[in-house]
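Hi,

Here is the structure I promised to pass on. Have a look at it first, and then read my notes below.

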Amino acid sequence: MTPIFDGHNDLLQRIVAAGAGGQDLWLNGNGRGHLDLPRIRKGGMVGGFFAIWVPSPAGLDDDESLRQLENPPFRLPLPEPIAPDAALPHAMAQAAALLSLERTGTLRVVRDAADLRDAIAQGQIAAIMHMEGIEAIPDMDALHLWHRMGLRSLGPVWSRNTRFAEGVPFAFPATPDIGAGLSADGKRLVAECNKLGIMLDLSHLNEAGFDDVAALSDAPLVASHSCAHALCESSRNLTDRQLEVIAQSRGLVGLNFASSFLRKDGRRLPLDDLDVMIRHMDHMMGILGEDGVALGSDFDGALMPADLADAAALPNLVAAMEKAGYGQELIAKITHRNWISALERTWKPT
């Protein structure tokens, strides 16, 4: 079975919601969501980025928001910013949930590339602690603390603006050219992440902020779960110019599986087949090359294609790549080798 290393999932919210049953949900599943250990094993997944994310009080799952997302054009307002003292309990609960999974012995929170490779060799799920939207990190001292806890990847924004950067709203058709660049704190964040070897994730960052990170960072540029704007004009997808900038840094983009960021019409409805995903891969490889494209599912955080209903269905995507004429070497790069290479070139030894 082809090993899969995935650039983004939101499982930790489900683990926290399960309370005392979190470990059991992980070990045995409950038939809901996209991820648990049995389905991860069945799909060939060997590791990935486990996101810490603070939900907005007013989510995007009310009837009116869903109606708009299913019927473009739409432009949902940016959620209100969240203060660090309100965000921290949520973030800590999710970090604790990830560490609770580590105590089952089936998963390891990895802190450097050697640790990642060893976890996979030992048959453990190699989990990277990631933060999507860093409301819970008010300053550089807190960043160092989270790094000590195991944080090795972060995105300055989800959609809400933070003290560091501005995000993009859910909008279609639209470009990511929305809002201002990094704040002074955001520029300091880039320098400190480079120093610590924390990967900076550009997914959902607005275009001006993207350009600031590109100008300041000495690490490969990475977008963990994004698609090609040329094929789906969502504000949350990357333009060809942005892909070219990532390519110049020898960086990487993980293809998002969310149907609404893949479909040409931008509708939040299940994708009927996986050919559209192949077209996004082909387009991105045309700019980034074979070493610059990987996977970033957004499992447990988005509406999946019909043939990729959960992690157990990952072999269907591998089969689609084979059907499209991808050779085994290219498939291995996209499914796991490119992520491991990018991390090796970003992380500092601990």
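What follows is a short tour of what turned up, starting with the ground rules.

This is a predicted model, so local features need pLDDT of at least 70 and side-chain atom pairs count only at pLDDT 80 or more, while totals for chains, interfaces and linings use all residues. Residues are numbered from 1 along each chain as its sequence is written, and side-chain values use heavy atoms, with hydrogens and water left out.

**Strand E5 and its partners**

I'd begin with strand E5, residues 125-132. Helices (H or I, at least four residues) and strands (E, at least two) are DSSP runs, numbered from the N terminus. Eight of the eight residues in E5 are buried, where buried means under 20% relative accessible area, exposed means over 50%, and partly exposed is in between (1.4 Å probe, protein chains only). On one side sit Ile125, Ala127, Met129 and Met131, and on the other Ala126, Ile128, His130 and Glu132, so to speak a strand with both faces covered.

Which strands pair with E5 in the parallel sense? Strand E2 (residues 45-52) does, over six bridges, and strand E4 (residues 107-109) does, over three. Strand E6 (residues 151-155) also runs parallel to E5, joined by four bridges. Two strands pair if DSSP finds at least two bridges between them. To find the pairings on screen, look for glycine 47, whose bridge partner in E5 is alanine 126. Leucine 107 stands opposite isoleucine 125, and methionine 129 faces leucine 151 in E6.

Two of these links go by way of a helix. E4, helix H6 (residues 113-121) and E5 form a right-handed β-α-β unit, and E5, helix H7 (residues 140-149) and E6 form a right-handed β-α-β unit too. A crossover is right-handed if, with the strands pointing away from the viewer, the path from the first strand over the helix to the second runs clockwise.

Glutamate 132, in strand E5, deserves a click. Glutamate 132 is buried, with a relative accessible area of 5%. Leaving out residues up to four places away in sequence, glutamate 132 touches His8, Asp10, Ala51, Ile52, Trp53, Gly155, Val157, Trp158, His204 and His225; contact means heavy atoms within 4.5 Å. Aspartate 10 is 122 residues away along the chain, yet the C-alpha atoms of the two are separated by 9.6 Å.

**Strand E10**

Next is strand E10 (residues 252-255), where Leu252 and Gly254 point one way, Val253 and Leu255 the other, and all are buried. Strand E9 (residues 222-226) runs parallel to E10, with three bridges between them, and valine 222 is opposite leucine 252. The route from E9 to E10 passes through helix H10 (residues 240-248), in a right-handed β-α-β crossover. E10 also pairs with strand E11 (residues 293-295) in the parallel sense over three bridges, with glycine 254 opposite alanine 294.

**A helix pair**

Two packed helices are described by the angle between their axes and the distance between the axes. For helix H12 (residues 275-288) and helix H13 (residues 314-323), the angle is about 65° and the axes are 10 Å apart. Axes are lines fitted to C-alpha atoms, for helices over the stretch in contact, and angles run from 0 to 180 degrees between N-to-C directions. Met277, Ile278 and Met281 of H12 meet Leu317, Ala320 and Met321 of H13.

**Backbone oddities**

Where are the cis peptide bonds I noted? One runs from proline 72 to proline 73, with omega near 5°, and proline 73 is in the loop between helix H4 (63-70) and strand E3 (74-75). Another runs from phenylalanine 172 to proline 173, with omega near -10°.

There are positive phi values in non-glycine residues as well. Arginine 250 has a phi of about 60°; it is found in the loop between H10 and E10 and counts as exposed, at 56% relative accessibility. Aspartate 298 has a phi near 70°; it lies in the loop between E11 and H13 and is buried, with a relative accessible area of 7%.

Cheers
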